[in-house]
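Q: Hey, I've got a structure open and could use some help reading it. Can we go through it together?
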Amino acid sequence: MIYSSDVVQCYPGKDGKPRPQAIRNCLPWLDVEIEAIKPNVIVCLGGVAAEQFVATRCGTPFKRLSELFEKEFTCRINGRRTHVYALPHTSGQARAQFPDWDGIYHRTFLLIRRCLDSYWK
């Protein structure tokens with residue numbers, strides 16, 4: 001099963017980046033989703049998601065999103081061991097910002113596959 005969600009459940013506005021208050025308001029809903037789904041893997045698309053999962057929940061601060069690419073972070077989320085990966089957002093703006101966008105995705109999904117294979121063996 002593949003499940004997708006977002007840190008903020010509504011359109012954040014014309015600049016596309018949610019405001020801190022919107023994130024705070026939506027996090028309880030996201031926690032309920034995670035508790036219901038109980039994922040082994042969470043893939044963060046973009047800096048907002050990475051900030052909430054890699055930095056806040058896994059305790060790995062970062063200055064630039066690119067520092068997180070092609071790495072696995074393991075932490076406890078809602079009491080469960082969870083593997084977290086960060087990728088550039090899928091927007092056209094992110095594709096322009098990261099020239100190796102396709103390669104980053106490809107290599108990260110190979111890591112995710114290896115992680116998931118360990119659950120299925």
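A: Sure. Keep in mind that this is a predicted model. A good place to begin is β3: six of its eight residues are buried, so the strand is largely enclosed by the rest of the structure.

Q: OK, and which order do the strands of the sheet come in?
A: The order is β1-β3-β2, in an open sheet of three strands with mixed pairing. β1 (41-45) and β2 (73-77) stand at the edges, and each has a single partner strand, so one side of each has no neighbour in the sheet. From one strand to the next, the twist averages 40°.

Q: What does the mixed pairing look like, starting with how β2 and β3 run?
A: β2 and β3 run antiparallel, joined by five bridges. One example is C75, whose bridge partner in β3 is T82. Another pairing puts T74 with H83 of β3.

Q: And how do β1 and β3 run?
A: Those two run parallel, and five bridges join them. Here you can look for I42, which stands opposite V84 in β3.

Q: Which helix packs on the sheet by touching β1 and β3?
A: That's α4, residues 101-120. Its direction makes about 165° with the direction of β3.

Q: You mentioned H83. Is that one buried or exposed?
A: Buried. H83 sits in strand β3, which covers residues 80-87. Its relative accessible area is 5%, and the cut-off for buried is under 20%, so H83 counts as buried.

Q: What does the H83 side chain make a polar contact with?
A: With the side chain of T74, at 3.3 Å. T74 is also the bridge partner of H83, so you meet this pair twice when you look at β2 and β3.Q: What else does H83 touch, apart from its close neighbours in sequence?
A: Leaving aside neighbours within four places, H83 is in contact with N40, V41, I42, E72, F73, T74, C115 and Y119.

Q: Switching topic: where is N78, and what's its phi?
A: N78 lies in the loop between β2 and β3. Its phi is near 55°, a positive value in a residue other than glycine. The hairpin of β2 and β3 has two residues between the strands. As for accessibility, N78 is partly exposed, with a relative accessible area of 34%.

Q: What about K38, what is its phi?
A: K38 has a positive phi of about 55°, although it is not a glycine. You'll find K38 in the loop between α1 (20-37) and β1. It counts as partly exposed, at 37% relative accessibility.

Q: Now the helices. Which residues of α2 are buried?
A: In α2, which is residues 47-57, the buried ones are A49, A50, Q52, F53, V54 and A55.

Q: And what covers them?
A: The cover for the buried residues of α2 includes α1, β1, β2 and β3. If you follow the chain past α2, you get to G59, which has a positive phi near 75°.

Q: How do α1 and α2 cross?
A: Their axes come within 13 Å and cross at roughly 70°. That makes α1 roughly perpendicular to α2.

Q: Which residues make that contact?
A: From α1 it's I23, L27, L30, D31 and I34, and from α2 it's V48, Q52, F53 and R57. The residues of this contact divide into six nonpolar, one polar and two charged.

Q: Let's zoom in on I23. Buried or exposed?
A: I23, in helix α1, counts as buried at 12% relative accessibility.

Q: And what does I23 touch?
A: Not counting residues up to four places away in sequence, I23 touches V7, V8, P18, V48 and Q52.

Q: Last one: what separates the C-alpha atoms of I23 and F73?
A: They are separated by 22 Å, and the two residues are 50 residues apart along the chain.

Key. Residues are numbered from 1 along each chain as its sequence is written. This is a predicted model: local features need pLDDT of at least 70, side-chain atom pairs count only at pLDDT 80 or more; totals for chains, interfaces and linings use all residues. Side-chain values use heavy atoms; hydrogens and water are left out. Helices (H or I, at least four residues) and strands (E, at least two) are DSSP runs, numbered from the N terminus. Buried means under 20% relative accessible area, exposed over 50%, partly exposed in between (1.4 Å probe, protein chains only). A polar contact is a pair of N or O atoms within 3.5 Å; within protein, one must be able to donate a hydrogen and the other to accept it, and residues adjacent in sequence count only if both atoms are side-chain atoms. Contact means heavy atoms within 4.5 Å. Two strands pair if DSSP finds at least two bridges between them. Axes are lines fitted to C-alpha atoms, for helices over the stretch in contact, and angles run from 0 to 180 degrees between N-to-C directions. Angles under 35 degrees count as roughly parallel, over 145 as roughly antiparallel, 65 to 115 as roughly perpendicular and the rest as oblique. Ala, Val, Leu, Ile, Met, Phe, Trp, Tyr, Cys and Pro count as nonpolar, Asp, Glu, Lys and Arg as charged, and the others, Gly among them, as polar.
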